[in-house]
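Please open the model in a viewer and keep the sequence panel in sight. The tour below proceeds by selection, one stop after another.

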Amino acid sequence: MKKNVIIFGLVLGTILSVPMLYMVTLCYTHPEWKGNDVVGYAAMVVVFSLIFFGVRNYRNKQLNGFISFGKAFRTGALIALTGASLYVAVWLVAYYNFFPDFMDVYVPKALNESAGNASAADFAAKKEQLETMREMYKNPLFVILFTYVEVLPIGLVVALISALALKKKNKTAI
């Protein structure tokens, strides 16, 4: 299981990290560019489908085609955690070495995007939320937590769905 988790997790983390770095670079080079959260999260779900293939690979090649729900979920969750950890590590290196002023670029951009389609109260709440996040981002622990929260829950949901879809009991074993 360890080899499977490492291989699929590292591939997953790499595939997640490349678009993240590209989008952060776009914030700097094309400030008028507007991201699409729905498309971004949909793409993450597609990328996290590697969890399904990792669990299936483990079931078929190492467990003779049988896997319990628990073992399938554990394998999927570990793949998700490995991929998310690589994503977090890449962001930490990028943030502290190449984009240390990211929050100073991101907060005005996010406020500008929400200004046109939000009421004054919603805009004020969004501004307060972003300013709080900017303050929290000064602490590396919060940078790590925010970055994990960005991707890990999606991975765990995909791991759960994969475990449900792939569980297969050996009816001949007692």
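The stops run from the whole chain to helix pairs, single residues and aromatic rings.

**Stop 1. The whole chain**

Display the full chain as a cartoon, bearing in mind that this is a predicted model. The protein chain contains seven helices and zero strands, and its pattern along the sequence reads α-α-α-α-α-α-α. Orient the view along the principal axes: the C-alpha atoms fill a box of roughly 65 × 35 × 25 Å. Colouring by accessibility will show that 33% of the 174 residues count as buried. Among contacts with a separation of 6 or more, 82% are between residues 24 or more positions apart.

**Stop 2. Helices α1 and α2**

Select residues 2-29, which form helix α1, and residues 37-48, which form helix α2. How do these two helices run relative to each other, roughly parallel or roughly antiparallel? The angle at which α1 and α2 pack is about 160 degrees, and their axes are 10 Å apart. Angles over 145 degrees count as roughly antiparallel, and α1 and α2 are therefore roughly antiparallel to each other. Their crossing is right-handed. Now show side chains at the contact: α1 contributes L12, I15 and L16, while α2 contributes M44, V47 and F48.

**Stop 3. Helices α3 and α7**

Move to helix α3, residues 50-62, and to helix α7, residues 140-166. Here the packing angle is about 40 degrees, with the axes 9 Å apart. That angle makes α3 oblique to α7. The crossing of α3 and α7 is right-handed. To see the contact, select I51, F52, V55, R56 and R59 in α3; these residues meet G155, V158, A159, S162, A165 and L166 in α7.

**Stop 4. G155 in α7**

Remain in helix α7 and centre the view on G155. Is this residue buried or exposed? G155 is buried, as its relative accessible area is 0%. Leaving aside residues up to four places away in sequence, G155 touches F48, I51 and A80. Of these, F48 also takes part in the contact between α1 and α2, and I51 belongs to α3. A distance label between the C-alpha atoms of G155 and I79 should read 8.3 Å, although the two residues are 76 residues apart along the chain.

**Stop 5. T147 in α7**

Still in helix α7, select T147. T147 is buried because its relative accessible area is 2%, and the limit for a buried residue is under 20%. What lies 2.6 Å from a polar atom of the T147 side chain? The partner is the backbone oxygen of V143. Show the neighbours of T147 as well: Y87, V88, W91 and Y137 are touched, when residues up to four places away in sequence are not counted.

**Stop 6. Aromatic rings**

Display the aromatic side chains throughout; a search of the whole structure finds ten aromatic pairs. One of them is F69 with F73, a stacked pair with 6.3 Å centre to centre and 10 degrees between the planes. Both residues belong to helix α4 (residues 69-97), and because they are four residues apart, about one helical turn separates them. F69 counts as partly exposed at 30% relative accessibility, and F73 counts as partly exposed at 28%.

Next, select F142 and F146, an aromatic pair that is tilted, with 6.4 Å centre to centre and 40 degrees between the planes. F142 and F146 lie four residues apart in helix α7, about one turn of the helix. Relative accessibility is 28% for F142, which counts as partly exposed, and 27% for F146, which also counts as partly exposed.

Finally, extend the selection to the cluster linked by ring pairs: W91, Y95, Y96, F102, Y106, Y137, F142 and F146. Two members of this cluster, W91 and Y137, are among the residues that T147 touches.

**Stop 7. N64 in a loop**

End at the loop between α3 and α4, where N64 is placed. Which sign does phi of N64 have, positive or negative? The value is near 55 degrees, a positive phi in a residue other than glycine. N64 counts as exposed because its relative accessibility is 66%.

Technical notes. Residues numbered from 1 in each chain as written. Predicted model: local features only at pLDDT ≥ 70, side-chain atom pairs only at ≥ 80, totals over all residues. Heavy atoms only, no water. Buried < 20%, exposed > 50% of the residue type's maximum accessible area, 1.4 Å probe, protein only. Polar contact = N/O pair within 3.5 Å; in protein donor to acceptor, adjacent residues only side chain to side chain. Contact = heavy atoms within 4.5 Å. Phe/Tyr/Trp six-rings, centres within 6.5 Å; stacked < 30°, edge-to-face > 60°. Axes fitted to C-alpha atoms, helices over the stretch in contact; angles between N-to-C directions. Parallel < 35°, antiparallel > 145°, perpendicular 65-115°, else oblique. Left-handed = near helix turned anticlockwise from the far one by under 90°.
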